Every structure is written in C-alpha cells, then in structure tokens.
Amino acid sequence: MKTLKTSDYKMLEQLVSLKQPALKKAMQNFLRAKYKDIVVTADYIYAKGDIPIALVAHMDTVFPHPPTDVYYDQRKNVIWSPQGLGADDRAGVFSILQIVQSGLRPCIILTTNEEIGCIGASELAEQEEICPFPGLKYIIELDRQGSDDCVFYECFNPKFVDYIESFGFVEAFGSYSDICAFCPDWGIAGVNLSIGY
C-alpha cells in the first residue's frame, strides 16, 4: 500500500477544511487556469475537456462544519477526523485535482448540494437539456465509499457494465446520486465508482 506524499496530504487537508462556497471558488479558479471552456453557475461548474469522458464530484458534505482536526495514520494509510472528514465527496474532488494536475483533460462536472437532494445536478439537467460535451462517451462519478464498488443506477448497458468491471470493480446497489439527474436525460451511460473513503 502506497502512502501519500506530504504535498498530497496537505492538499487533501486543505480541501476538507473548506466550506462549500470556498471550495467552489477554489475549484472555479483551478479549472479556469487549466481549461479554455468553463461554465460557472450558482449550482454547478463544468469544464469542457479534450477527453470524451466526464468526471463528476460534488462539493458539499453531510457535515455542517469542516473538521478542525485532521490526522493521517501513515501505517494504515488512513486520513481521518473526529469531527468527520467529509471525504464524501472531497475524495472525489481530490481525485479530479490529481487527474487534471497530471496533464489529462477530461470533461469535469462539479455540483453543489448533492447531500440534500442533488440540487446542483438537477439544475444542470434543467439548464442543459442536451449534453454540453459533444462526443461524450460516458460519465464517471467519483462518489462511492470503499475501493471496488460500481453503481449504475438506471443505466441498462451490459457492455458498459462489463467494461467497468474489467478494471476490478464489482456492481453494487445505490439509491441515488448526481448522475441520476442528468445521465438519463442526456442519453449517456454513467457509473458511480468507489473513491476510497
């Protein structure tokens, strides 16, 4: 098991310390520096990339306040907080940052208020009735606990399921998440993957 570099731990520590509005502003600035075509509204951010895959994460957590104490157990390779870390879904945001910083440019969707009813995703579906990413192949939400779950919700696409499971993921059950708000309307296959929290 590979331990986090100090810079990665510091980045994640900073992410979990932000309230949703501050994180939204930080992500807006980050994406503007990396992408030419970015849309920002009160409810969501999306950036058009040059890879025909969209990555999704939400910027809220179930906790009313960010943690004040964050700890990293290097032996177990676990980051935790007694106040609740908010890794749902700061782990997804962190992963998107890592992917974009590596030089890849997938399409990005960041939503607000997923935990209270997928409000940002529903607003995106209402505002963008047709997928805003031409030629998009599929959507990956990074918002599932554990390490090997994949949830497809109402996406009945056996070839897509087989493809995702070929990476070691195992289909599981989930009730609802952001991709449920826009994937069916856009006619795009989507999956919610485990992101390690």
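D89 lies in helix α3, and the peptide bond leading into D89 from D88 is worth a look in this predicted model. That bond is cis, with omega near 20°. For context, most peptide bonds are trans. Helix α3 itself runs over residues 87–101 and contributes seven residues to the largest nonpolar core, the largest share of that core.

**The cores**

So what sits in that core? The largest nonpolar core counts 43 residues, and L31, I108 and L110 have the most contacts inside it. L110 makes a good tour guide here. Setting aside neighbours within four places in sequence, L110 touches M27, L31, Y44, I45, A57, M59, V93 and I96. There is also a second, separate core, made of 23 residues, with Y44, C131, V151 and W186 among them.

**A look around I38**

I38 is found in strand β1, which spans residues 37–40. Is I38 buried or exposed? Its relative accessibility is 14%, so I38 counts as buried; the cut-off for that label is under 20%. Beyond the neighbours within four places in sequence, I38 is in contact with Q28, L31, R32, I45, Y46 and A47. Two of these names, L31 and I45, also turn up on the contact list of L110. Y72, on the other hand, has its C-alpha atom 34 Å from that of I38, with the two positions 34 residues apart along the chain.

**The loop between β6 and α4**

Now for some backbone oddities. Most residues other than glycine have a negative phi. N113 goes the other way, with phi near 55°, and C118 also has a positive phi, of about 55°, although it is not a glycine. N113 sits in the loop between β6 (106–111) and α4 (119–127), and C118 is placed in the loop between β6 and α4 too.

How much of C118 is accessible? Its relative accessible area is 2%, so C118 is buried. N113 comes out at 22% relative accessibility and therefore counts as partly exposed, a class that starts where buried, under 20%, leaves off.

**Further along the chain**

E154 is found in the loop between β8 (149–151) and α5 (158–165). With 61% relative accessibility, E154 counts as exposed. On the other side of α5, G168 lies in the loop between α5 and β9 (170–171). G168 has 46% relative accessibility and so counts as partly exposed.

Then there is D185, which has its place in helix α6 (residues 179–186). Which residues does D185 touch, apart from its neighbours within four places in sequence? They are A125 and E129.

Here are some C-alpha separations for the residues just met, set beside their spacing along the chain:

| Pair | Spacing along the chain | C-alpha separation |
|---|---|---|
| D185 and S95 | 90 residues | 26 Å |
| E154 and E171 | 17 residues | 13 Å |
| G168 and C150 | 18 residues | 9.5 Å |

**Stepping back to the whole chain**

How many helices and strands does the protein chain have? The secondary structure comes to six helices and ten strands. The C-alpha atoms fill a box of roughly 40 × 35 × 35 Å, taken along the principal axes. Does the radius of gyration fit a compact globule, or what else would one expect? For 197 residues, a compact globule would have a radius of gyration near 16 Å, and the protein chain has 16 Å, so the two agree.

Burial is easy to state: of the 197 residues of the protein chain, 50% count as buried. The contacts reach a long way in sequence as well. Taking contacts between residues at least 6 apart in sequence, 75% join residues at least 24 apart.

As for the outside, the accessible surface comes to about 10,100 Å², and carbon and sulfur atoms account for 53% of it. The protein chain carries 17 positive and 26 negative charges, and the mean positions of the two sets are 11 Å apart.

Notes
Residues numbered from 1 in each chain as written. Predicted model: local features only at pLDDT ≥ 70, side-chain atom pairs only at ≥ 80, totals over all residues. Heavy atoms only, no water. Helix = DSSP H or I, 4+ residues; strand = E, 2+ residues; numbered from the N terminus. Rg over C-alpha atoms; globule rule 2.2 N^0.38 Å. Buried < 20%, exposed > 50% of the residue type's maximum accessible area, 1.4 Å probe, protein only. Contact = heavy atoms within 4.5 Å. Areas by Shrake-Rupley, 256 points an atom, 1.4 Å probe, with all protein chains shown as cover. Lys, Arg positive; Asp, Glu negative; His and termini not counted. Charge placed at Lys NZ, Arg CZ, Asp CG, Glu CD. Core = buried A, V, L, I, M, F, W, Y, C linked by side-chain atoms within 4.5 Å.
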